[in-house]
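Reader: I am new to this one. Please show me the structure, and then I will ask about it.

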Amino acid sequence: MNKEILRIAIPNIISNITIPLLGMVDLAILGHLESGIYIGAVALGSMIFNFIYFGFGFLRMSTSGFTAQAFGAKNSTEITLTLSRAVTVALMGSLLILMIQYPIAWLGFKLISGSPEVELLAKQYFHIRIFAAPAAISLFAITGWFLGMQNARYPMIIAISITSLNLLFNLIFIYGFGMKSDGVAWGTLLAQYSGLLLAGILFMKKYRSYLKYWTYEGMIQLTALKRFFLVNRDILIRTLMLLFTLSFFTAESARISDPILAANTILLQFFFIYSYLIDGFAYAAEALVGKYMGAKDHGLLKLTIKNLFKWGFGISLVFTLIYFLSGKSILYIITNDSNVISDAGPYLIWIVSIPLLTFAAFIWDGIFIGATASSSLRNAMLISTLVLFFPFYYLVGKDFGNHGLWLSLMLFMLSRGLILTIYSGKIKVNNE
């Protein structure tokens, strides 16, 4: 069982790592140009896309869960129809984004403002890169489908290829054609469509035979469509609540003071670094739990969940020790600004607590997604956000400044894991 978990987790960890690496490479290229405004332009534009694509993360999750269950049940028709429904939703969603790109840009740059020069370049970047939306969002659906098919290698290959091609295209546009931030936008656009093409090639190479199971009647089957959209709705609400909470944390950091904003931004990198690794095991949970749900093999289901929590606890313990022993040293790796390091120092204790307090939420997320028990995911996030995080912060946490803000965030993370533990009985009941 551990071998099965690692077979899926490790490629997903590698895929996750490519995300920050690409951002670092982009910054390194732009950082060697004659002006810093190009970095600012890409940073502003990218923030809007982060919101858009983070919101569409529900599509990868639901597709993974539905596909894994159909795979476990050996239902080739449902495997095929799940992919077609997911890609259809992706294309419809991206078409809507293209149609309302100007209102999105207007709202985005109202909320995230910069100097006139930076904002002009950021808008140029946005209106180029926005046309990558059909490819980027479709890849959410396709990579989720590959994962549900117990194939973590293909998403890894796609992620590495997109990152490598993005770097290559950026170098060509910037140094070959003398472009600036617009060259980064074109590089991203071409890399995304190249990734989509590669995904299509990989699909045809291994899964071409599934095409014969597709039917229009099955595609629009009302009961299946209703369940598909209900699960996606629940995961979307869960994702938006998470985004809302993290965005509030950043906004409230800025309200406290600029030094606290800088310190908290750096400290959050510890959380993101940890999340890239633990998410690999959450993805393994999606694939394996879904498969054993579909196969109705409750013995292997329980064994999988047990082993996933062992891995989650082990990983969190390692990160806790690393952060406890080397937190200050890691700060110096992330930034050389002595003032930021000094401001962040008193709050390192919260970073040390993150892994052990949050690993259960990550693992349960993957388990519930694999089980497509989306209403529990939604309810746990709503309770953690609206009943615990905000009331606690405004009634108690706010009086303790930044420590209170971090305490509220830790309560939010811990409560998600605890509530999902309480809900975990529903996984068995709903699928027996």
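Author: What follows is a short exchange on the core and on some of the helices. Keep in mind that the model is predicted.

Reader: Which helix gives the most residues to the largest nonpolar core?

Author: This core holds 111 residues. Among those touching the most other members are Ile52, Leu59 and Trp406. One helix, spanning residues 258-294, supplies 18 residues, the top share. That helix is H12.

Reader: What does Leu267 contact beyond its neighbours within four places in sequence?

Author: Leu267 is one of the core residues that touch the most other members. Setting those neighbours aside, its contacts are Leu331, Ala344, Tyr347, Leu348, Ile351 and Trp406.

Reader: How many residues are in the second, separate core?

Author: Its members include Ala70, Met149, Tyr154 and Ala191. The count for this second core is 20 residues.

Reader: Is Thr239 buried or exposed?

Author: Thr239 sits in helix H11, residues 222-256. Away from residues up to four places off in sequence, it touches Phe54, Gly55 and Met61. Buried means under 20% relative accessible area. Thr239 has 2% relative accessibility, so it counts as buried.

Reader: Why is H7 described as largely enclosed by the rest of the structure?

Author: H7 covers residues 133-148. From first C-alpha to last it reaches 23 Å, close to the expected 22 Å. H7 is largely enclosed because of its buried residues, 15 of the 16.

Reader: Which residue with a positive phi follows H7?

Author: The phi there is near 65 degrees. The residue is Gln150.

Technical notes. Residues numbered from 1 in each chain as written. Predicted model: local features only at pLDDT ≥ 70, side-chain atom pairs only at ≥ 80, totals over all residues. Heavy atoms only, no water. Core = buried A, V, L, I, M, F, W, Y, C linked by side-chain atoms within 4.5 Å. Buried < 20%, exposed > 50% of the residue type's maximum accessible area, 1.4 Å probe, protein only. Helix = DSSP H or I, 4+ residues; strand = E, 2+ residues; numbered from the N terminus. Contact = heavy atoms within 4.5 Å. Expected span 1.5 Å × (residues − 1).
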